[in-house]
Every structure is written in C-alpha cells, then in structure tokens.
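Some notes on the chain follow, set out as numbered points. Please read them with the structure open.

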Amino acid sequence: MTSYGVSIIGMGYVGLCTAVGFASKACKVAAYDIDHEKLALINRGIAPFYEPGLEKMLKKTVDEHYLICLLELEDAILKTDITFIAVGTPSKPDGSIDLSQVEEAVVRIGDTLRKKNKHHLIVVKSTVIPGTTENMVKPLLEKYSGKNCGKDFGLCMNPEFLREGSAIYDTLHPDRIVIGEHDKKSGDALELFYRSFYGEEAPPIIRTNLSTAELIKYANNTFLATKISFINTVANICEKIPGADVKTVAGAIGLDKRIGPLFLNAGLGYGGYCLPKDLKALIAFSKRLGYDPVLLKAVEDVNEAQPNKVVEIARVLLGGLKDKKVAILGLAFKPNTDDIRGAVSVKIIKRLLEEKAKVVAYDPSATDNARKIFRGEIDFAASVADCLKDTDCCIIVTEWEEFKNLQPEDFIERMRNPLVIDGRRIFKPELFEDRLKFAAIGLGQPRKTDL
Ligand code: UGA
C-alpha cells in the first residue's frame with residue numbers, strides 16, 4: 001500500500017526546499033539522498049544549509065510525519081506514486097553539465113520500477129540541457145525497468161524556479177508551473193498533483209514537450225543574467241558621464257511595462273550556483289548545435305569583468321593596495337543566504353590578496369563557508385564595527401539589510417582612512433560624499449556638474 005504521496009531524490013537546495021514546501025501543506029513526502037549523514041540531519045529537523053524559514057518548517061513537517069527521509073531509494077519509490085528527481089547537475093571544466101548524478105539516480109529508479117506493479121510517474125526537476133529527458137532519462141528507465149515509458153510508467157520534466165533566500169515562499173507561491181510531458185497521461189497526472197496541491201491558488205500551468213520545458217529553465221536564468229549584465233553595462237557608461245546615475249536610469253526604464261523594474265540593480269555582477277552555471281551550459285550546448293550565442297558570451301564577459309572594478313577603484317583612490325587594510329562587507333552571493341558558491345566576494349578578495357592588501361571580512365551568515373576557502377589568509381570580524389576598525393577602505397559586496405542602515409559616522413569613527421566603495425548601491429551618494437571619500441558603481445564623476 002502506498003504510504004506517501006511523492007518521493008524526492010536529492011536533498012540539495014531544490015530537493016529539500018521542495019520537500020519541505022510540499023510537506024508543509026499536508027502532502028506526505030519520502031526523501032532520499034546518497035548522503036546518509038544529510039538524511040540523518042534532516043530526519044532530526046536540522047537543515048544542512050541556511051535558508052530563511054526552512055529549519056522551522058522542516059522541524060514541524062518532520063515532527064508531524066509529513067516528511068521522512070528513507071535510507072533506501074527503493075523504499076522511496078515503492079512507497080510513492082510520483083518521484084521527483086532533484087539531484088545536482090554541476091558544471092564540467094568546459095562549462096557543459098555533468099549528468100552523472102542524474103544518470104545514477106535514473107538507473108536505480110529504473111531498477112526499482114522493475115519490481116513495481118503500479119503505474120509510477122517520474123519527474124525530472126534537476127536542470128538538464130534540452131534533450132536529456134528524452135534521450136538519456138527515458139532510455140535508461142526503459143532499459144533498467146524492462147518497461148515502456150508512457151504505458152507502464154510516466155515521465156515529465158518540471159523545471160524549478162525557486163530563488164535562494166526565498167525558496168520556501170517561491171515553492172508555495174510559484175509564478176507558474178512548467179510541465180514538459182512525454183505523453184498526455186504523464187502531463188495530466190502531474191497537472192492533477194499540482195492542481196490538488198495549490199487548489200484555488202494554482203498559478204498558470206504551461207504544458208509542453210520535454211525539450212521545451214528543459215529550455216525554458218535555461219532561457220529564464222540566462223534572461224535574468226542578461227538583464228543584470230545589461231544594467232551593469234549602462235552603469236559602466238554612466239561612470240564616464242559626469243553626474244549620471246545608473247539608479248535613476250534603472251528606475252526610469254523599469255517603469256516601462258515592457259522592461260519591468262526587477263533585476264535592474266547594477267552592482268558587482270551576478271553570482272551564485274545557478275546563473276553562472278546555466279549560462280555556461282547553454283553556451284556550450286548551443287555551440288555544440290553549431291550556433292554561436294554571441295549575446296550570451298557578452299553577458300558572461302561583462303559579468304567576469306564587473307567585480308574587478310571595485311578593486312581598481314580602491315587601487316586608484318588609495319594609490320596602490322600593498323599593505324592597505326580593506327574591509328569587505330558581505331560574503332554571501334546575495335542577502336539572506338549563507339551560500340558563497342560563485343560569490344563575487346571570493347573573486348574580489350582573491351584579487352586584493354594578489355595585490356598584497358590585508359583583508360578583513362564580515363557577513364551575517366556566510367563566514368563559516370568563507371573560512372573554508374580563505375584558511376588563515378584573511379581575517380573575519382564578528383560585527384560591522386569590528387570589521388571597519390583601522391581600515392583604509394570598505395567595499396560593500398552584498399546588500400544585507402544590516403548594512404543599509406549604516407551612516408557616514410559609522411565609517412568615519414572606525415576607519416583609519418574613511419573610503420567607502422558602494423558595490424551594490426545601498427547608500428545615498430549625497431549623504432556620504434560630503435562626509436568621506438565615496439565611490440559607487442554606476443555613478444558618473446565628477447558628481448557636481450552643470451551638465
Ligand atoms: C536563480 C533564479 O533567480 C531562480 O529563478 C532559479 O530557480 C535559480 O537561480 C536556480 O536556477 O536554481 P538564485 O541563484 O537564488 O536564483 O539567485 P538570484 O536571485 O537570481 O540572484 C543571482 C545573482 O544576481 C546574485 O548574485 C544577485 O546579487 C545578482 N543580482 C540580482 C544582481 O546583481 N542584480 C539584480 O538586479 C538582481
């Protein structure tokens with residue numbers, strides 16, 4: 001007898017947040033991961049990473065027995081009707097994606113399906129390049145189960161759009177659900193699951209074929225990356241125009257309904273695990289198909305150069321960086337996460353160390369992760385005040401709420417040489433520039449001009 005509604009394979013970011021989101025609305029979830037230590041933590045209600053609201057909800061769903069981690073993948077499949085595959089698809093050195101975790105999970109799922117008499121639906125949630133579900137997942141499932149896809153078991157591709165830092169909210173309130181279906185019966189089954197899960201609040205559901213669903217995920221993330229590199233390009237132009245300010249430009253163009261206001265924050269470029277990886281993967285995939293996606297390559301180039309700018313500004317304004325003490329405020333790739341994968345902070349700190357600067361950093365939650373990278377090479381402070389003490393320059397790298405309320409005197413009182421470089425445009429220039437040395441991304445110099 002089926003004891004659970006769905007099983008989720010892979011307890012990374014997407015897998016765990018989806019599992020907790022589903023379980024929070026009384027959907028019974030059986031979770032599995034090859035990392036049994038991680039499963040043990042989750043079963044005790046402990047989240048293996050920081051995400052606002054996750055641990056509280058995890059504990060509740062575990063205590064109420066809506067979420068349980070099973071130590072055998074076979075159990076998870078046999079006890080459920082729908083299995084979501086949410087294992088990682090990291091980058092290979094050439095930028096293409098490494099599908100080995102998907103392959104391993106699919107082989108084991110196929111093996112288990114052989115023993116199952118009931119119809120089962122497999123749903124690929126991992127980000128995979130177009131063609132993967134049809135050309136790799138389906139043949140492997142058929143081979144190892146000895147069954148026919150579309151007849152004995154169903155197959156869908158259902159990309160995930162949740163953002164770190166608001167993953168639980170995004171799971172419970174998605175903008176849309178994309179269902180790529182191998183066959184109509186499979187698509188109907190997944191749509192039914194989502195409709196009964198979200199009820200009246202179900203978002204638009206887009207049904208399409210497997211490859212289109214796979215491409216939608218990449219198009220979504222690469223469009224977001226393109227918006228960011230676009231506004232950073234405008235920021236770089238602003239810096240050459242006395243008195244120009246990218247924030248005003250972004251605010252104005254964002255009011256055009258065709259453009260929209262979101263993802264137009266100029267700064268140090270995008271980081272994180274997904275945007276950089278997905279852009280690389282789509283470029284590599286497209287090239288393999290014989291099409292050179294020059295626009296996407298330009299997006300990447302702009303993003304690669306962007307973090308270096310604050311180091312350059314610091315070098316010029318300090319007359320060299322050797323032995324200068326630089327405070328870094330923010331290590332996480334964005335606020336409300338402890339994740340430093342792909343974080344621009346890492347690139348900036350490495351450049352500063354190459355230039356023989358001394359670095360002290362503070363982040364409200366990502367310090368432990370950063371320590372693993374910069375073992376003994378930089379100092380970590382326990383507060384903003386500690387971080388700024390006796391420094392020659394402060395670079396704002398992540399726009400944590402805690403930093404937004406800082407006033408000029410917070411810097412003047414603690415720094416040896418009060419120079420603030422606002423890499424995320426969190427401060428009002430007019431409040432800072434008369435009180436201390438101040439520079440910011442996308443701000444034309446000189447600032448006071450009749451032009
Ligand atoms: C991204 C997508 O936004 C999600 O929809 C997607 O599901 C996820 O990747 C994924 O594929 O798993 P995430 O990596 O959490 O989510 O981060 P974003 O919120 O997209 O931010 C990415 C980077 O862009 C951050 O470094 C952020 O600081 C930067 N950013 C964002 C800007 O520089 N400017 C902006 O205006 C917005």
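1. Contacts of Ile396. In this predicted model, Ile396 touches eight residues that are not its neighbours within four places in sequence: Leu268, Leu329, Ile421, Asp422, Gly423, Arg424, Ile426 and Phe427. Ile396 belongs to strand E12, which covers residues 393-396.

2. Burial of Ile396. The relative accessible area of Ile396 is 0%. Because buried means under 20% relative accessible area, Ile396 counts as buried.

3. Ile396 and Tyr194. These two residues are separated by 202 residues in sequence. In space, their C-alpha atoms lie 41 Å apart.

4. Domains. The domain assignment divides the chain into domain 1, residues 6-208, and domain 2, residues 240-440. Taken over C-alpha atoms, the centres of domain 1 and domain 2 are 34 Å apart. Contact between the domains involves 17 residues of domain 1 and 16 residues of domain 2.

5. Length of helix H11. Does the span of H11 agree or disagree with what its residue count predicts? Helix H11 runs over residues 275-288, a total of 14 residues. At 1.5 Å a residue, the expected span of H11 is 20 Å, and the end C-alpha atoms are 20 Å apart, so the two agree.

6. Surroundings of H11. Of the 14 residues of H11, 10 are buried, so the helix is largely enclosed by the rest of the structure. The buried residues are Leu275, Lys277, Asp278, Leu279, Ala281, Leu282, Ile283, Ala284, Phe285 and Ser286. Lysine, aspartate and serine thus appear in this list beside residues such as Leu279 and Phe285. The cover over the buried residues of H11 includes helix H9 (210-238) and helix H12 (294-305).

7. After H11. Gly290, just after this helix, has a positive phi of about 95°.

8. Second largest pocket. The volume of this pocket is about 280 Å³. Its lining is made up of 14 residues, and those nearest the centre are Gly272, Pro276, Lys277, Lys280 and Gly342. H11 and H12 are the elements that contribute two or more residues to the lining. Lys277, one of the residues nearest the centre of the pocket, is also among the buried residues of H11.

9. Character of the lining. Which classes of residue line the second largest pocket? By class, there are 6 charged, 5 polar and 3 nonpolar residues.

Definitions and conventions
Residues numbered from 1 in each chain as written. Predicted model: local features only at pLDDT ≥ 70, side-chain atom pairs only at ≥ 80, totals over all residues. Heavy atoms only, no water. Helix = DSSP H or I, 4+ residues; strand = E, 2+ residues; numbered from the N terminus. Expected span 1.5 Å × (residues − 1). Buried < 20%, exposed > 50% of the residue type's maximum accessible area, 1.4 Å probe, protein only. Contact = heavy atoms within 4.5 Å. 1 Å grid on protein atoms, 1.4 Å probe; cavity = no way out; pocket = protein on both sides within 12 Å on 5 of 7 lines; lining within 4 Å. Points joined across faces, edges and corners; volume = space filled by probe spheres on them. Nonpolar A, V, L, I, M, F, W, Y, C, P; charged D, E, K, R; others polar. Domains from an automatic or database assignment.
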